[in-house]
Every structure is written in structure tokens, then in C-alpha cells.
Amino acid sequence: MPLSLVPSHKKIHPPEEFSSEAGAYQLLPFRFVPLDSKKYVLSNFVGEYCVVEREILQALISKTLRPDSAAYSLLKSRHFFFDVGESSALHLLATKYRTKQTPLAEFTSLHMIVPTLRCNTSCVYCQVSHKGAAAGSCDMTEAAADRAIDFMFRSPSSHLKLEFQGGEPLLNFEMVQYIIESTRQREQQTGRKVSIIICSNLSLISDQILQFCEKHDVQFSTSLDGPCDLHNQNRPSAEFDSYDRTRIGITRVREALGICGVSALMTTTQASLSRPKEIVDEYVGQGFKSLFLRPINPYGFATKAGVLTRYSTLEWMEFYKTALDYIIDLNLRGIHIREEYAALLLRRMLTPYGTGFVDLQSPAGIGISAILFNHDGNVYASDEGRMLAEMGDPHFRLGNLLHDSYEDMMLSDVLIETLTQTMTEGVPGCSDCGFQAYCGSDPVRHYRLQGDIVGNKPTSEFCQRHMALFRHIIGLLEGGGTAANVLKGWIY
Amino acid sequence: MSGIATNVLTDGTQVVNFNTSVYRLNAIKKSAYKFGGLFHVLIEQRDRIIEVRLKPKESCKSPDAFVGEFCNEVLDQELRETVAEETAGIRDLLLAQAFSKTSLIDSESETGDYDSENCAEAPGNQ
């Protein structure tokens with residue numbers, strides 16, 4: 001080899017120069033929380049986690065970890081500490097942190113419109129105090145709709161999403177049509193793209209509606225609470241068999257718009273608790289590839305009828321665990337169905353990317369992830385804020401489309417104050433929690449249940465539920481094997 | 001338990017003393033917040049002793065066990081205080097770096113000269 005091609009050895013050091021000395025490392029910021037009586041979950045600056053015994057945690061902090069130990073290599077590779085003088089860990093962590101915070105710059109993505117508060121079912125847990133199908137004063141006007149569309153296109157988000165909520169939106173399909181056509185026209189003018197979803201019980205689906213939705217690339221989301229008797233118990237109608245209409249509606253939507261034309265979610269009532277497998281079977285039987293197991297929300301008829309208080313967080317967790325185990329088992333038997341709550345938590349835990357799930361944002365996702373335009377033009381920081389207003393407390397009302405400007409509403413005291421106070425990085429009980437990076441704030445729920453937008457975490461149902469969910473999912477992942485593989489396969 | 005002395009008052013209030021040479025006030029306050037759902041908590045400091053009075057709420061079914069849990073929680077919070085103290089500067093640096101357009105960590109990597117890294121003998125540089 002010519003001498004000129006021989007690389008300089010000046011920069012090549014013997015292996016021993018790369019080995020660390022015991023205690024010669026610098027801790028990086030991290031949080032921790034007990035997983036069980038022996039193990040702790042440690043999460044680094046960006047939420048990447050390790051599960052270790054308490055002795056390891058103590059050794060890490062007291063810098064007595066042996067450099068030749070497996071724990072040393074694991075914790076160093078996951079950026080819980082770095083060797084003094086080496087900066088690559090800092091660069092990587094800063095870049096990952098920036099990636100994780102990127103959705104904040106996107107600003108509001110989800111825009112919900114309530115074209116009518118009228119409804120033709122009387123769900124026991126209705127969160128908005130539905131009105132009868134003939135109550136015409138609950139319909140949105142074209143003037144309010146125009147302003148709602150203007151408002152939506154002010155958002156800098158690159159992924160605008162328009163969702164029709166109710167009431168039952170199809171009871172005012174003329175307004176739904178008007179808004180969709182106006183939105184599609186505005187898309188052409190601006191070169192932007194809006195995903196559109198109608199949340200409906202599907203009871204009023206018709207060929208005319210389906211043709212319109214196919215033409216305008218509109219999808220549906222519906223509620224399916226389980227088998228016929230359970231669904232009808234939760235979502236009764238005086239006019240028709242609620243389950244039958246939904247089932248037929250699902251079939252018709254799929255025929256017209258394809259298998260992805262409709263998704264479904266369920267709400268857990270006390271009657272659901274003993275039937276987790278039947279609920280999952282109903283989804284499998286109807287050909288769904290995913291379901292979202294949701295606890296009940298503390299608003300509207302759910303509180304008036306006392307439905308809310310009929311089960312505890314612990315009871316819901318037992319229901320959830322049984323259903324999740326069953327879903328994992330189905331997947332292992334070749335029946336592919338994903339549980340959406342677990343999937344979005346897994347995405348938050350195992351990837352550097354955020355999720356649009358409004359309940360798990362820091363600062364809170366109200367207003368800046370999602371916003372709601374009510375039938376009367378009132379604008380609420382979230383759907384739950386609207387639900388609260390329907391109960392007589394307009395605390396989260398940002399203004400009215402007909403009277404207030406975008407700036408007035410997005411810079412309103414109630415929104416700014418709430419966002420400022422709900423950064424979990426600085427919230428008591430959250431700031432040190434090992435699950436902080438995955439969790440978030442739900443100011444409307446805490447305001448409703450505890451009278452405070454931050455909430456008292458030791459007594460918070462939201463905190464108890466998410467702590468239990470994170471522990472359960474990490475337990476399954478740590479158990480390894482096929483269950484962990486199924487869960488990891490749900491990340492998207 | 002090292003550094004901890006407990007006493008039970010007639011109304012069921014449990015009194016726990018922490019030595020300030022072992023425990024930080026901040027760690028005790030954070031633990032008190034966490035156990036606020038189970039106990040009414042009063043914290044007082046006298047010289048080198050921090051006295052914590054834990055009066056069980058109705059929801060606290062086994063006060064003795066939870067007082068033990070409280071003491072363990074103070075240990076965990078102590079560890080958290082140690083980590084927070086040591087990493088405060090790095091945390092600020094990481095946050096600043098995450099949203100900076102230039103490197104705040106090692107400016108040399110932004111301005112360094114490739115040739116100065118003694119690569120003159122590499123074939124591409126002949």
C-alpha cells in the first residue's frame with residue numbers, strides 16, 4: 001500500500017481509552033415511578049424508558065454502577081447518563097425533544113362542528129343533553145357555518161380535520177352538505193386538504209347521503225357499544241331499533257365507501273363491565289379491525305342519570321385488562337384487531353412522535369389541538385367544554401363566531417391561562433412522574449370533577465386511570481413474548 | 001427505619017420525624033402532596049427535625065401501612081431531588097439546544113475545519 005494511502009493513526013486510540021471509569025459519568029435528566037413493589041420505570045428526557053430494580057436506580061444516582069454491568073450499558077445507551085466530555089447524547093436528546101414538541105407548532109388540527117343538537121336516540125350517557133328531533137332552534141345557521149370555515153382555514157396546521165358532532169348531524173344534513181361543499185371549494189382556493197368525518201349513529205343513512213359522501217371523500221365514525229341488548233340499553237331510541245339501524249348503517253357505508261369508510265368506538269357503562277369479551281366479539285363479528293375502549297365522560301345525562309358514579313376506575317381497569325388480554329389472544333390466533341387506547345399510548349411511549357389525542361397533551365390540547373363550533377355559533381376550547389356549557393357552566397367558551405375574531409378567541413384569557421397552567425412539566429404530582437412524557441392534562445375533566453383546571457393528582461380519576469394503563473402496558477411489554485409483539489404491531 | 005421516628009396520637013394522627021441531615025424539606029413536601037388523598041398533613045420544622053403529622057382521612061383504611069409507604073416515598077423523592085439538582089444545568093441546555101438554530105453544546109462541531117482534523121493523508125485530499 002502506498003504510504004500516502006495509509007491513514008494516520010494519530011486519531012486511533014486503544015480500546016481501553018474508550019472504557020468508562022466507575023463513577024466518571026454525568027447524570028442526564030430523567031424521571032422515575034414504581035412499576036410494582038420491586039421494579040421502577042425510569043424515563044429519560046424524551047420519555048424513552050427502562051425498567052430496573054430499585055438497587056440499580058440507587059446505584060445509577062449514587063454513581064456506583066459498574067461499567068462492565070449490563071445495567072450500565074443499557075442506561076447509557078438509553079441516555080440516562082453520559083461520559084463527561086462526550087456530547088453526542090446531548091445532541092440526540094435535544095433533537096428528539098424537538099421532534100416530540102413539533103405538533104405544538106402545527107396548532108389546531110381538529111375542528112368540530114355541531115350542525116344540530118337534535119338527536120333521535122336517548123343515550124343513557126349522553127354528554128350534551130340532546131334535544132328532540134323536532135327542536136329546530138338547535139340548528140346551525142349558514143352565517144355561523146361560514147365563519148366556522150373561515151376560522152378553520154386560519155389554522156396553520158398542515159393536517160386539517162373537520163368532524164361533525166351532534167346531536168345527530170344527519171338530522172341537519174342540508175347544513176352538513178353546505179359546510180362540506182364550502183370546505184371543498186375553499187380547499188381548491190387555498191391548495192390545502194381537509195379530512196372530513198361525520199360522527200353519526202347511522203340511523204338516517206340513505207343512498208343520497210352516501211353518494212354525496214363518496215363524491216366528497218367523507219368518512220363516518222359511529223358508536224357501537226356491544227351486542228344488541230347492551231347497545232340498545234345504552235343507546236335506546238323511541239323510534240327504531242338502535243342496534244339494527246347502526247348495524248345496517250355500517251354495512252351500507254362500507255358498501256358505498258369501502259371497509260375504511262366507517263370506524264366505531266364504544267362507551268363503557270356499568271352494564272358493559274361484565275361483558276368485555278362479548279363487546280370485542282361484536283366488533284370482530286362486524287368486521288372491524290379496531291375498537292376504542294372508552295370509560296364514560298362526566299358530563300350531561302351521564303351525571304344526571306347517575307350513570308357516571310356506578311363504577312370505579314378500578315372496575316373499569318379490570319374490564320379493560322380483560323378485554324385487552326382477549327384482543328391480544330385473538331391477534332395471536334390470527335384475528336387482527338387493534339385496541340386504539342393502547343395503540344395511542346404505545347405510540348407515545350415507544351416513538352418520538354406525538355399523538356393528536358386531545359386528552360393527553362402538555363400543555364392541554366384544548367383549543368390548540370382541537371376546537372368546537374356549536375350550533376349557536378359559540379366556540380368552545382374542546383368538545384368537553386361544550387358539554388360542560390350544556391350543563392350550565394360556560395367556563396371554556398372562547399367566544400362566538402358571529403361576534404368575536406379569531407384573535408380574540410385564540411388569545412382569550414381562559415385559553416391562555418389554561419394552557420399556561422397545564423404543562424405537566426411543571427404540575428405538582430406530574431413534574432416528577434416517570435410517565436410524564438406519555439401523559440397529559442385534561443383541564444375540563446378536572447375542572448368538572450375537582451373544581452380546578454390543574455386538578456389534585458392524588459385523588460384524580462384521570463391520573464389513577466392513566467397510571468394504571470401505563471403500568472399495565474409496560475408490564476405486558478416487559479413480559480416479552482408474543483403479547484409484547486402484538487402490542488408493538490399496533491403502533492402506527 | 002433510619003432517620004425516622006414515629007408516634008401515634010390519641011386521635012389516630014401519626015407523627016413522623018425526619019432528620020434534616022438525611023432528608024430535604026422539598027422531598028417531604030412532595031411526598032405529603034402525593035399522600036394528600038389519604039391523610040391530612042401538617043409539616044413543621046424545628047432545628048434539625050422536620051415533624052410530619054399524618055391524620056388519616058376516612059378513605060385511609062390501613063394508616064400504619066400507608067405511613068410506611070409515605071416514608072418510602074420520601075426516600076424516592078430524595079433520589080428525585082438529587083437527580084434534579086445534578087441535572088438542572090443540563091436540562092436547561094437541552095431545552096435551549098432543542099429550539100436553537102445553532103449548536104449550543106459544542107460550537108466547534110458547527111465551525112470546525114475538516115482539514116484541521118488531520119485528514120490530509122486521506123486519498124481524497126491528495
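**Chat on helix H3 and the cores**

Me: What phi does Phe107(A) take just after H3(A)?
Reply: In this predicted model, Phe107(A), which comes just after H3(A), has a positive phi of about 65°. Helices (H or I, at least four residues) and strands (E, at least two) are DSSP runs numbered from the N terminus.

Me: How is everything numbered?
Reply: Residues count from 1 along each chain as its sequence is written, while chains are lettered from A and ligands numbered from 1 in the order in which they are written. As the model is predicted, local features need pLDDT (the predictor's confidence in each residue, 0 to 100) of at least 70, side-chain atom pairs count only at 80 or more, and totals for chains, interfaces and linings use all residues.

Me: Back to H3(A), how far apart are its end C-alpha atoms?
Reply: They are 28 Å apart, which agrees with the 27 Å that the 19 residues of H3 (88-106) of chain A should span at 1.5 Å a residue. The expected span is 1.5 Å times one less than the number of residues.

Me: Where does H3(A) bend?
Reply: At Lys100(A), by about 35°, and Pro103(A) follows within four residues. The bend is the angle between axes fitted to the seven residues ending there and the seven starting there.

Me: Which residues of H3(A) are buried?
Reply: Ala89(A), Leu90(A), Leu93(A) and Ala94(A). Buried means 20 or more other C-beta atoms within 10 Å of the residue's own, with C-beta atoms placed from the backbone; 12 or fewer is exposed, and in between is partly exposed.

Me: And what covers the buried residues of H3(A)?
Reply: The cover includes strand S5 (81-83) of chain A and helix H2 (63-98) of chain B. Contact means C-beta atoms, placed from the backbone, within 7 Å.

Me: New topic. Which residues touch the most other members of the largest nonpolar core?
Reply: Leu42(A), Leu345(A) and Ile473(A), in a core of 125 residues. Helix H11 (313-332) of chain A gives the most to this core, seven residues. A nonpolar core is a set of buried Ala, Val, Leu, Ile, Met, Phe, Trp, Tyr and Cys residues joined through C-beta atoms within 7 Å.

Me: What does Ile473(A) touch?
Reply: Leaving out residues up to four places away in sequence, Ile473(A) touches Ala342(A), Leu345(A), Leu346(A) and Leu487(A). Another core, of 15 residues, lies apart from the largest one, with Phe18(B) and Ile28(B) among its residues.

Me: How many helices and strands in chain A?
Reply: Chain A has 18 helices and 16 strands. Of its 492 residues, 46% count as buried.

Key: Contact = placed C-beta atoms within 7 Å.
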